[in-house]
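This briefing introduces a protein structure to a reader who has not met it before. Please look over the sequence and the model first; the notes follow.

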Amino acid sequence: MKPFRKNVAITIDGGGIRGVVITRALTHLEEHLGKPVRQIFQLAAGTSTGSIISAAIGAGLTAKQMHELYISLGDIIFQKTLRSKLWLLLKYRYPLGPLADALKKHVGDFKMGDFWIANPPIDIVIPCFDLVENRSRFIKPWKAEYADWPMVKAVLASSAVPTFFPAVDDRYVDGGVGSYANPCYLAAYEAVYCLHWDPAETTLISFGTGRFPQGLKPGQANKLMAWEWLDPVLGAFGQSADAQQVHLTATMFPDLDFRRYQVDLRENIGMDGADKIPELITYGDALWQKMLNDESEAAPDFRAVGSAS
């Protein structure tokens, strides 16, 4: 693995229980470098499950501790009840209480501004979407508007995926509702324009939480019933937005040491798929091997092909 530069940032996509993939890979990274993630990264940006991991990094948890918590708490956060089975008739599948309690107990009951006055300070960027003002919000510890926000509130807001969890304060939902399920461009912008890091001295590690198998079989599209379009359309939207963020980061910050790592899943594993933790651990090992072998993904090329020269 190529050595990191002077300044090191991490970004983590959304994905619910698939955060197991990331915590497993980060556990290997800690063992490889011989130090905890809090001493590796000075900036962490994450959406949904990525916000949980980012806040935990800022709070000083090791990756191994995070990994053990994901494994032990998965069935509690995503507890299968009558509500989760009849969610189409209700407003959401899971209450936020178990996640809030776990965050307070294991990560800490402190304010966002505490990250900035810690020794050493760390910048945490947590995106969420404000349904009242119809815009994305970027919750940061150095921003006066958010310094007094409880960390738990910020993380819950970024994690409140519609239909899975209720909106926080009846207005804030998952950051992926905007364009930031993958927050790598947010982190690059934060590093260069807010923290004033020199891109030539900065490494940005971007982790995906697993890419679903995509694509229909030939002749299948016009055979789909109306409700069967939901998965392919949402899948195409999510992967297109993800690719756009990677492209923007690579294009706008060419001097940055930008490394994007993602794994292909053999099956769709939902954000509440706690029964798939053993498989997710294996995917985490595969993600680490990609990182160790410098197998970062190339940014997609959005230039027109076949144009006259």
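In helix H5, the buried residues are Leu 99, Ala 100, Ala 102 and Leu 103. These residues cover an arc of only 165 degrees around the axis, which puts them on the same side of H5. The model is a predicted one. The points below take up helices H5 and H10, the aromatic rings and the cysteines.

**Helix H5**

- Asp 101 and Lys 105 lie on the other side of H5, where they are exposed.
- The cover over the buried residues of H5 includes helix H2 (49-59), H3 and H7.
- Just past the end of H5, Gly 108 has a positive phi of about 140 degrees.

**Helix H10**

- Helix H10 runs over residues 277-292, and its 16 residues should span 22 Å at 1.5 Å a residue; the C-alpha atoms at its ends are 22 Å apart, which agrees.
- Buried in H10 are Ile 277, Leu 280, Ile 281, Tyr 283, Gly 284, Leu 287, Trp 288 and Met 291.
- Those buried residues cover an arc of only 160 degrees around the axis, and therefore sit on the same side of H10.
- Packed against the buried residues of H10 are two helices, H1 (19-33) and H3 (63-77), and two strands, E6 (202-207) and E7 (257-261).
- Asp 294, just after H10, takes a positive phi of about 55 degrees.

**Aromatic pairs**

- There are 12 aromatic pairs in the structure.
- One of them is formed by Tyr 94 and Phe 164, whose rings are stacked, with 6.5 Å from centre to centre and 20 degrees between the planes.
- This pair links distant parts of the chain, 70 residues apart: Tyr 94 is in the loop between helix H4 (82-85) and helix H5 (97-106), while Phe 164 is in the loop between helix H7 (151-159) and strand E5 (172-174).
- Tyr 94 and Phe 164 are both buried.
- The ring centres of Tyr 185 and Phe 253 are 5.9 Å apart and the planes stand at 50 degrees, so this pair is tilted.
- Tyr 185 and Phe 253 also link distant parts of the chain, 68 residues apart, with Tyr 185 in helix H8 (residues 184-194) and Phe 253 in the loop between helix H9 (230-252) and E7.
- Tyr 185 counts as partly exposed because its relative accessibility is 21%, whereas Phe 253 is buried, with a relative accessible area of 5%.
- Phe 78, Tyr 94, Phe 164 and Phe 165 are linked into a cluster by ring pairs.

**Charges over rings**

- Arg 83 places its charged end over the ring of Tyr 92, 4.3 Å from the ring's centre.
- Lys 153 lies over the face of Trp 149, and the distance to the ring centre is 4.2 Å.

**Cysteines**

- A disulfide is a covalent bond joining the sulfur atoms of two cysteines.
- The structure holds zero disulfides.
- Cys 184 is in no disulfide, and the nearest cysteine sulfur to it, that of Cys 194, is 16 Å away.
- For Cys 194, the closest cysteine sulfur is in Cys 184 at 16 Å, which is too far for a bond, as a disulfide requires sulfur atoms within 2.5 Å.
- Cys 184 counts as buried, at 0% relative accessibility, whereas Cys 194 counts as partly exposed, at 24%.

Technical notes: Residues numbered from 1 in each chain as written. Predicted model: local features only at pLDDT ≥ 70, side-chain atom pairs only at ≥ 80, totals over all residues. Heavy atoms only, no water. Helix = DSSP H or I, 4+ residues; strand = E, 2+ residues; numbered from the N terminus. Expected span 1.5 Å × (residues − 1). Buried < 20%, exposed > 50% of the residue type's maximum accessible area, 1.4 Å probe, protein only. Arc of directions from axis to C-beta. Contact = heavy atoms within 4.5 Å. Phe/Tyr/Trp six-rings, centres within 6.5 Å; stacked < 30°, edge-to-face > 60°. Lys NZ or Arg CZ within 6 Å of the ring centre and 35° of its normal.
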